[in-house]
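Trainee: Could we go through this one together before I write my notes?
Mentor: Gladly; have it open in front of you and ask as we go.

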Amino acid sequence: MIKFLMKTFSNTPSEHNFENWEVFNHNIYLKSNEEKKKEIRKATCLARYDIEKDKNFSWMENYFLSKLSREELKDKVLLDLGSFTGGRLIAWAENYNLKKSYGIDINPIFKVASEEFAREKNINADFSTGIGEKLPYDDNFFDFIVSTDTFEHVQSLEKSMAECYRVLKPGGKLLAVFPQFLQPFESHLNFVTNFPCLHWFFSPKKISEKYFEILKERGPTAEWYSGNKNNLENWEKLPTLNGTSIRDYEKILKRNNWSNTQWIKRPILTDGRRSKKLIFKLLSFLFYPLIHIKYLDELFMGRICVICKK
Ligand SMILES: C[S@@+](CC[C@H](N)C(=O)[O-])C[C@H]1O[C@@H](n2cnc3c(N)ncnc32)[C@H](O)[C@@H]1O
């Protein structure tokens, strides 16, 4: 049944979608000359930079600046945790006149792309290769940490949150936004299927089994995005996801000593390009009351979005 649904609503990623880091594993990148490779690296930067430059879609404008003033960001030292190829961070540096920008992500190729883009845009930025669970910065170093769509992927959110707390200055703020596990549309199965809500009805273990089976059936053409992976890691609930629900995150927040935490609650269908369509606007309007009801919030809230003050 699961496989039938996945195959009926089948999906495959495009190697021309530069929002996907997996493009660096595709022959379109690997077999290119250095000039073409540089072009592709820049396309991945622009994929995020252009979103952040557009006020209608910017994560900073739409989520955090509803609770924060632009002035607060001016001349500040800011870390983007999970910075990918730096597109969003460079846009923030330009938009809010940051004093210095730092970015960290796990893949060395992201650092190369980020540094090229920062040079081109003449931005004072420092990029590292590393993980959120072990940040290579001194205690009390940053005024702000921003993390967008990354906390659902870290192996240990508990450790990453503790590290954020450590490297923030007293009074510094963590701005975090990421999809919560139980919402219908963000189960990250979209390299294989578009069918929503599978994890409401089937166990993550069974879904993953079928997901990997389909990838295997697709053969060598899928290797660039499957990475030949056919099992979940110990920490994964679904492929690449740690499975953090709203209730899990509330517990993690309580275990750190944040002096203040503010939630920004929005229902599903209120971000991204589809949110501008009338039908989705109407539906999301209906969901607003539901996200304030405990347990229903797990089904209808799109992203966990918090501002945590040290
Ligand atoms: C969906 S992308 C989001 C990228 C970017 N923040 C954005 O919003 O466009 C998730 C990013 O998290 C990074 N990531 C995954 N695990 C990580 C970890 N443990 N520490 C730091 N970054 C991690 C991935 O490499 C990837 O670039």
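**Leu98 and its surroundings**

Mentor: Keeping in mind that this is a predicted model, let us begin with Leu98, which, once residues up to four places away in sequence are set aside, touches Leu73, Lys76, Leu78, Trp92 and Ala93.

Trainee: Where does Leu98 lie?
Mentor: Leu98 is in the loop that runs between H6 and strand E2, the latter covering 100–105.

Trainee: And is Leu98 buried or exposed?
Mentor: Leu98 counts as buried because 22 other C-beta atoms lie within 10 Å, and the cut-off for that class is 20 or more.

Trainee: How far apart are Leu98 and Glu158 in space?
Mentor: Their C-alpha atoms are 28 Å apart, with the two positions 60 residues apart in sequence.

Trainee: Back to H6, then: what follows it?
Mentor: H6 is followed by Asn97, which has a positive phi, near 50°.

Trainee: How many residues of H6 are buried?
Mentor: The helix is mostly covered, with 7 of its 10 residues buried; these are Gly87, Arg88, Leu89, Ile90, Ala91, Trp92 and Ala93.

Trainee: At what angle do H3 and H6 cross?
Mentor: The axes of H3, residues 34–53, and H6, residues 87–96, cross at roughly 40° and come within 7 Å. That angle is why H3 is described as oblique to H6, and the crossing is right-handed.

Trainee: Which residues meet there?
Mentor: From H3 there are Cys45, Leu46, Ala47, Arg48, Tyr49, Glu52 and Lys53, and they meet Gly87, Arg88, Ile90, Ala91 and Trp92 of H6. Sorted by class, the residues of this contact are 7 nonpolar, 1 polar and 4 charged.

Trainee: Changing topic, how many residues surround the ligand?
Mentor: There are 18 around the ligand, and the closest are Gly82, Phe84, Gly132, Thr148 and Thr150. In terms of class, that shell holds 6 nonpolar, 7 polar and 5 charged residues.

Trainee: One last residue: where is Thr261 found?
Mentor: Thr261 belongs to strand E6, residues 260–263, and it is classed as partly exposed because 14 other C-beta atoms lie within 10 Å.

Trainee: What does Thr261 touch?
Mentor: Leaving out residues up to four places away in sequence, Thr261 touches Leu253, Val306 and Cys308. As for Lys309, which is 48 residues from Thr261 along the chain, the C-alpha atoms of the two are separated by 6.3 Å.

Technical notes
Residues numbered from 1 in each chain as written. Predicted model: local features only at pLDDT ≥ 70, side-chain atom pairs only at ≥ 80, totals over all residues. Axes fitted to C-alpha atoms, helices over the stretch in contact; angles between N-to-C directions. Helix = DSSP H or I, 4+ residues; strand = E, 2+ residues; numbered from the N terminus. Parallel < 35°, antiparallel > 145°, perpendicular 65-115°, else oblique. Left-handed = near helix turned anticlockwise from the far one by under 90°. Contact = placed C-beta atoms within 7 Å. Nonpolar A, V, L, I, M, F, W, Y, C, P; charged D, E, K, R; others polar. Near = placed C-beta within 6 Å. Buried ≥ 20, exposed ≤ 12 C-beta atoms within 10 Å, placed from the backbone.
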